[in-house]
Amino acid sequence: MFLIVGQGNPGLQYAHTKHNVGFWVLDRLGSNFQHKDNALIAEVKFRAASGEWISGLLIKPTTYYNATGEAVAPLARFYKIQPSHILVVHDEMDLPPGRLRFKVGGSSAGNYGLESIAAHLGTREFHRLRIGIGKPPRPQDGAAWVLTGFHPDFVPVIDKVIQTAAEAVQTWATEGIDVCQKKYNGLNFAEPPKRTEPEQTG
């Protein structure tokens with residue numbers, strides 16, 4: 001069994017923000033999410049090339065982003081899911097919009113949600129799918145940046161990325177991380193449009 005975690009914040013006020021791209025990907029993969037403990041959970045099955053069906057859970061924590069581990073760790077322990085069978089889908093400022101990248105373990109680069117998961121699992125060796133959101137105009141604006149929406153110019157690009165990320169999650173569940181890194185890490189869906197004015201919020 002696998003566990004796919006979308007990082008994000010609950011509530012309509014956060015639904016369209018960059019911080020919620022993990023939720024967006026999971027919404028392409030499942031429906032009928034049911035509230036259980038600290039998460040919205042949906043059961044899914046993906047079919048491998050061999051014809052075998054692989055079962056798993058989609059998890060949208062309701063703990064708020066920075067406390068994601070409080071939802072993930074209890075479920076991982078209950079279902080006896082190892083870190084190598086956990087994929088966390090999250091926004092990444094170190095990647096530009098139009099890029100996605102699979103990674104195993106490593107630094108959280110200031111992502112408190114990842115830190116929470118690592119602390120509650122007792123390891124960083126879970127898998128990650130990083131969705132590029134780009135850097136804010138000024139480094140000190142990072143906290144505000146992730147809680148704004150994408151500029152309209154980027155929306156078609158992000159939609160392609162989210163759809164591809166959903167397909168990539170299925171590939172990860174059925175074929176593994178090595179295949180995903182080779183297939184998806186080099187993709188670039190668009191060069192950022194040349195703009196000089198600040199990004200629109202919303």
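Student: Which elements do the buried residues of α2 pack against?
Tutor: This is a predicted model. In helix α2 (residues 69-78), Gly 69, Ala 71, Val 72, Ala 73, Leu 75 and Ala 76 are buried. Their packing partners are β1 (2-6), β3 (39-47), β4 (53-61), β5 and α3 (112-121).

Student: Which residue just after α2 takes a positive phi?
Tutor: Helix α2 covers residues 69-78. Just after α2, phi turns positive, at about 55°. The residue is Lys 80.

Student: How many residues does the largest nonpolar core have, and which element gives the most to this core?
Tutor: Ile 4, Val 89, Phe 102, Leu 129, Ile 131, Val 169 and Trp 172 have the most contacts inside the largest nonpolar core. The core has 37 residues. Ten of its residues come from the top contributor, α5.

Student: How many residues are in the second core?
Tutor: This core is separate. Its members include Ala 39, Leu 57, Ile 59 and Phe 126. The count is 17 residues.

Student: Which residues does Val 89 contact, leaving aside neighbours within four places in sequence?
Tutor: Val 89 is among the residues with the most contacts inside the largest nonpolar core. Beyond its sequence neighbours, Val 89 is in contact with Gly 6, Gln 7, Gly 22, Val 25 and Leu 26, among others. The rest of the list is Ile 4, Val 5, Leu 129, Ile 131 and Val 169.

Student: Is Asn 9 buried or exposed?
Tutor: Asn 9 is found in the loop between β1 and α1. Its relative accessible area is 7%. The cut-off for buried is under 20%. Therefore Asn 9 is buried.

Student: Which backbone nitrogen does the side chain of Asn 9 reach?
Tutor: Asn 9 touches Tyr 14, His 19, Asn 20, Phe 23, Tyr 64, Tyr 65 and Leu 147, not counting residues up to four places away in sequence. For one of these, the side chain of Asn 9 comes to 2.8 Å from the backbone nitrogen. That nitrogen belongs to Tyr 65.

Student: How many salt bridges are there?
Tutor: The pair must be a side-chain nitrogen of Lys or Arg within 4 Å of a carboxyl oxygen of Asp or Glu. One network of salt bridges links Glu 92, Arg 128 and Arg 130. By this rule the count is seven.

Student: How far apart in the chain are Asp 159 and Arg 28?
Tutor: Asp 159 forms a salt bridge with Arg 28, with the closest N and O atoms 2.6 Å apart. Asp 159 sits in helix α5 (residues 155-175) and Arg 28 in helix α1 (residues 21-29). The pair links distant parts of the chain, 131 residues apart.

Student: Why does the salt bridge of Asp 94 and Lys 135 tie together separate parts of the sequence, and how many residues apart are they?
Tutor: The side chains meet at 2.7 Å, N to O. Asp 94 lies in the loop between β5 (86-92) and β6 (100-104), and Lys 135 lies in the loop between β7 (127-132) and α4 (142-145). So the pair ties together parts that are 41 residues apart.

Student: Which of these two counts as exposed, Asp 94 or Lys 135?
Tutor: Exposed means over 50% relative accessible area. Asp 94 has 44%, so Asp 94 counts as partly exposed. At 56%, the exposed residue is Lys 135.

Definitions and conventions: Residues numbered from 1 in each chain as written. Predicted model: local features only at pLDDT ≥ 70, side-chain atom pairs only at ≥ 80, totals over all residues. Heavy atoms only, no water. Helix = DSSP H or I, 4+ residues; strand = E, 2+ residues; numbered from the N terminus. Buried < 20%, exposed > 50% of the residue type's maximum accessible area, 1.4 Å probe, protein only. Contact = heavy atoms within 4.5 Å. Core = buried A, V, L, I, M, F, W, Y, C linked by side-chain atoms within 4.5 Å. Polar contact = N/O pair within 3.5 Å; in protein donor to acceptor, adjacent residues only side chain to side chain.
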